[in-house]
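Here is a colleague's note for a student who is opening this structure and would like some places to look. Please keep the sequence and the model side by side while reading the points.

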Amino acid sequence: MLDTVIVAGKNNIAINVCSFLLEKKINLYAVLTKNDNGVDSFQSSFKKFCLQNKLRVISLRESYRIDNSIFLSLQFDQIVKPELFSHHRLYNVHFSLLPEYKGMYTAILPLLHQRKNSGVTLHKINQGIDTGDIIEQKKIPLSSDETAESLYSKYIELGTQITTKNLETLLADSFSSYPQTSSGASYYSKKAINYSCLELDTFKTASEIKAQVQAFTFRNYQLLKWKNYTFIGCSISKNASTLKPGTILKATQNKLILASMDFDIVLYLDTLEELILNIKNGQLAEIKHRLTENPLLLKQRTLKGCSPIIIAASYSQFEVVKYLLTKDAKINDSDYQGKSLILYALEDAERRNSIEQLSELIQLSADLCPQAYNGSLLSSLSTCQAHLIKEFFQKYKSHI
Ligand code: TYD
C-alpha cells in the first residue's frame, strides 16, 4: 500500500480532499495552479490552505520524481504528461460525464445545450485531454432552474465524494477501470466561449433563451446581459409569441417580459443591490413586492456568499429575518467561508453595543452550537466580540 499523495489543483475540491488525507495521516504534497493568489473567494484558496496547514508545496516538475505516490489532479490548470512521471498512477477528476464534455466550460455547456444530466468522472490520466480509462462516474440530474453556479457547487461536492471514496483502492492499486467509448464523445477548447463578449441572443426559442441565461449565471464570474439589463434567471410563459423576437412586452423594476421565436419569456433582473438596500432600511413592503415579482432574488448571494437573510441579521432587521424564514430562507445559513448568520448578528450587536435583540434569533432557533465560533473565525474576532459572545452564551445558556 502506497502512503503518499500529490494533490495538484485548486478550490474547495483540492482542500476537501487534502483535509481528508490529513485526517488519515497520509503523506501529502501539493502542486498549486498558476492563478491561486492565496486569497479566499467564493472558493477557498488552496495556496492559503497549504500555508495554514504547512503542506509541502512543490512544482509539477518536482512531482515527476516522487516515487511510491499517486498523483491526483483536482481542477489542475496544466496538462499532465504521463511520460514524464516515474510511474503511471496518475488520476484526474473531470467535471462531466465522460466521454462527453472533455476540455473546458463544463459548468456551462451542458446547460447551454439543454442536457438532462451532467456528472463527475474519476479517470486515469493518459496522453490525451480527459481521455483516460474511467474508474467511477456519478451522474447529476440537471434541474429546470440549474445555473452554472449551482452546477459547479454540485461538481465540487460530488468530485470530493468520488475521490475520497476511491482513495484506498487507488493507493492499493486495486481498482478496476474501463476505456471510454468514442460514441457520444465531445471536446471543447478555450475557443468555445469568449467571456468578454457575452450577450443574450434573443433570436432563439424560449427554451434556448432560458438555457443561455442559466448557463452564464455565475455571479462571482458574470451574469448575462442584454441592452442595459442583467439577468439572474428566466421562465417560459404559455403565451405564444406574436411579435418579433426580442420585443419587450412588459418591463417592471424586477422583470422583463420578452417575445421569443416561439413563447414569451419572463427574464428576472438582477436587483440584488436594490434588495439589500431595502433590507438595510427594513422596508418590508418593498421587500415583499420585490420577491413576489422576482422570487429568484431569494437565492442570490453577494460575492462573499451573504444571502438576504444573513444581510437582514447583520443589520438587526429581525422582522425581515422572520419574513424571509417564511420564504424558505435558513436561520443557520452561512457565507462562502462558513461564517454563520448569528456571527454576523453578533458583529452588529457589537457595533450597537447591545445583545438584547439577539434573543430574537434564538427564539427563531438560530444555532448557538459553539463550533460555529471555533477555529479561524474565533481568532478573527475582536476582544469585544469575544466578550459579547461569552455574555451572550451565559445569558441564554438555558436555550442551548
Ligand atoms: P474554470 O475553473 O476556469 O474551469 P473550466 O472552464 O475548465 O470549467 O471555471 C469553472 C466554471 O466556472 C466554468 O465551467 C464556468 C464558470 N466560469 C464562468 O462562468 N465565467 C468565467 O469567467 C470563468 C473563468 C468560469
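1. A good place to begin is with charged side chains, where Glu319, Lys322 and Glu360 are linked in a network of salt bridges. The model is a predicted one, and a search of the whole structure finds 12 salt bridges in it. As general background, side chains of opposite charge can pair when their charged atoms come close.

2. A second salt bridge to look at joins the side chains of arginine 115 and glutamate 100, with a distance of 3.0 Å from N to O. Arginine 115 lies in the loop between α4 and β7 while glutamate 100 lies in the loop between β5 and β6, so this pair ties together parts that are 15 residues apart in sequence. The two partners can also be described by their accessibility: arginine 115 is partly exposed, at a relative accessible area of 36%, whereas glutamate 100 is buried, at 14%.

3. Lysine 154 and glutamate 146 form another salt bridge, in which the closest N and O atoms are 2.9 Å apart. Is each of these partners buried or partly exposed? Lysine 154 has 31% relative accessibility and therefore counts as partly exposed, while glutamate 146, with a relative accessible area of 1%, is buried. Lysine 339 forms a salt bridge as well, with glutamate 347, and here the closest N and O atoms are 2.7 Å apart; lysine 339 counts as buried because its relative accessibility is 14%, and buried means under 20%.

4. The next point concerns the sheet, which is open, has seven strands in the order β3-β2-β1-β4-β5-β7-β8, and shows mixed pairing. Its edge strands are β3 (56–57) and β8 (134–141), each of which pairs on one side only. Within this sheet, β5 and β7 (residues 117–124) pair in the antiparallel sense over four bridges, and the bridge partner of histidine 94 in β7 is threonine 121.

5. Two helices lie across strands of this sheet, and they are worth tracing one after the other. Helix α1 (residues 11–23) lies across β1, β2, β4 and β5, and runs at about 165° to β1. Helix α5 (residues 148–172) lies across β1, β4, β5, β7 and β8, and runs at about 155° to β8.

6. Some parts of the backbone deserve a careful check, since most residues other than glycine have a negative phi, and most peptide bonds are trans. The peptide bond from leucine 98 to proline 99 is cis, with omega near 15°, and proline 99 is found in the loop between β5 and β6. Tyrosine 105, in the loop between β6 and α4, has a positive phi near 60°, and this residue counts as buried at 9% relative accessibility. Serine 316, in the loop between α9 and α10, also has a positive phi, near 50°, and is buried with a relative accessible area of 11%.

7. Which residues does asparagine 294 touch, if those up to four places away in sequence are not counted? The residues it touches are Ile232, Asn254, Tyr268, Leu269 and Thr271. Asparagine 294 lies in the loop between α8 and α9, and is buried, with a relative accessible area of 0%.

8. Finally, on the surface, Ile79, Ile129 and Tyr187 make a nonpolar patch of about 300 Å². Tyrosine 187 has its place in strand β9 (residues 187–188), and is partly exposed, with a relative accessible area of 44%.

Conventions. Residues numbered from 1 in each chain as written. Predicted model: local features only at pLDDT ≥ 70, side-chain atom pairs only at ≥ 80, totals over all residues. Heavy atoms only, no water. Patch = residues over 30% accessible without salt bridge, like charges linked within 9 Å, V, L, I, M, F, W, Y side chains within 5 Å. Areas by Shrake-Rupley, 256 points an atom, 1.4 Å probe, with all protein chains shown as cover. Salt bridge = Lys/Arg side-chain N within 4 Å of Asp/Glu carboxyl O. Buried < 20%, exposed > 50% of the residue type's maximum accessible area, 1.4 Å probe, protein only. Pairing = 2+ DSSP bridges. Contact = heavy atoms within 4.5 Å. Axes fitted to C-alpha atoms, helices over the stretch in contact; angles between N-to-C directions.
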